[in-house]
Amino acid sequence: MSPTMSLLPTEPLQIVEPFSGRNDLRPNLVGLSREELKTALAEAGLEPFRARQVWQWIYWHGVTDFALMTNIARKTRERLAELFVVARPEIVTEQRSVDGTRKWLLRFGDGNEAETVNIPEEDRGSVCVSSQVGCTLTCSFCHTGTQPLVRNLAPAEIVGQFMVARDSYGEWPTPTETTRMLSNIVMMGMGEPLYNFDNVATALRIVMDEQGIALSRRRITLSTSGVVPMIAKVGEVLDVNLAVSLHAVNDQVRDTLVPVNRKWPIAELLAACAAYPGARNSRRITFEYAMLKGINDSDADARELVRLLAPIHAKVNLIPFNPWPGAPYECSSNNRIHRFAEIVNAGGLSAPVRTPRGRDILAACGQLKSASLRGRRERVGGLESKAAV
């Protein structure tokens, strides 16, 4: 057992921090691209090379206090502190599961909240990052889908989630590839990343920058419910690993489970996946499949799944349904899940069964939700039309 795992608590732990709010009007340097950071500092009268120094202090060292940026002259540090901040989302609660999973409820500058999860393994940890407050989709098996979309998250709020996780584990400065406890990012938290693609892409480019957090694109997975027109753009702009929330093998069932299927049905979705650059470069696309009793778990469903995915370099991630209050579904039995897996494996596809993690703190797949509500006068629209452009 690794030293990290031996320190995990033996019962659920919840840490609650009071929310102090942020009334500071100084711009936050977190979330700016390299060029945006250079421009911001130049407009403040600072030399262009300062951007590289500040970038490394923020993203390599995890520093939030300009006074600690010791290779920058004192007067310049004072000037930076007058004009800017380096701010994280604020932790409202931190919960720790009996299995080592950690979940943070994070509050942003406007008071809205989203959840972030880290799932530790013996040799790695996957941080599940949210892209929206709430969700624009209404997937019927997903707790997040019961919360209407409040708003998209900004780049600072997306990359800030990973930085909060690093703070919690004390993983600064950026460790080597082989010593990372937080080694992977999965864009599988609250929201549909492809309905907030520009902000997600900016945040992930920051994460991948070698002079900062320095996470390889092979360590990043973006999950989509099937926003078909944007899939090619993910490959073109980011070329990260792709995961697709499939969950059904025919349009009739998927229309109910994943309503975006009514706009982009299975045949269109799989065609876009087959053309994804990663799939052509020997990287498998992961198809997520929640096991729902009597809904999508028959032998015939398993055989049809094999037929559908045969043309694609794919693997299937079988997810035992994670219950939540008021959920309209039940999880398939263990025997049914393993029989399903046997059929898919025999058909030539890898089909591991995901071990549920963090269920006791509602941190498992499909269980995330926050109490944020959309303002009465706010309107969130045009996402599908933008995606179709």
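This passage describes a helix pair, a loop residue and two cysteines in a predicted model.

Helices α5 and α6 pack against each other. Helix α5 spans residues 155–169, and helix α6 spans residues 197–208. Their axes come within 8 Å. The crossing angle is roughly 40°. Angles from 35 to 65 degrees fall outside the parallel and perpendicular classes, so α5 and α6 are oblique to each other. The crossing of α5 with α6 is right-handed.

On the α5 side, the contact is made by Pro 155, Ile 158 and Val 159. On the α6 side, these residues meet Asn 199, Val 200, Thr 202, Ala 203, Ile 206 and Val 207. Seven residues of this contact are nonpolar and two are polar. None is charged.

Thr 146 sits in a loop. This loop runs between β6 (132–133) and β7 (151–152). The relative accessibility of Thr 146 is 38%. Partly exposed covers the range between 20% and 50%, so Thr 146 counts as partly exposed. Leaving aside residues up to four places away in sequence, Thr 146 touches Trp 324 and Lys 369. Ala 327 is 181 residues from Thr 146 in sequence. In space, the C-alpha atoms of Thr 146 and Ala 327 are 9.9 Å apart.

The structure contains zero disulfides. Two cysteines illustrate contrasting settings. Cys 273 has a relative accessible area of 0% and is therefore buried. Cys 331 has a relative accessible area of 29%, so Cys 331 is partly exposed.

Note on methods: Residues are numbered from 1 along each chain as its sequence is written. This is a predicted model: local features need pLDDT of at least 70, side-chain atom pairs count only at pLDDT 80 or more; totals for chains, interfaces and linings use all residues. Side-chain values use heavy atoms; hydrogens and water are left out. A disulfide is a pair of cysteine sulfur atoms within 2.5 Å. Buried means under 20% relative accessible area, exposed over 50%, partly exposed in between (1.4 Å probe, protein chains only). Axes are lines fitted to C-alpha atoms, for helices over the stretch in contact, and angles run from 0 to 180 degrees between N-to-C directions. Helices (H or I, at least four residues) and strands (E, at least two) are DSSP runs, numbered from the N terminus. Angles under 35 degrees count as roughly parallel, over 145 as roughly antiparallel, 65 to 115 as roughly perpendicular and the rest as oblique. A crossing is left-handed if the near helix is turned anticlockwise from the far one by less than a right angle, and right-handed if clockwise. Contact means heavy atoms within 4.5 Å. Ala, Val, Leu, Ile, Met, Phe, Trp, Tyr, Cys and Pro count as nonpolar, Asp, Glu, Lys and Arg as charged, and the others, Gly among them, as polar.
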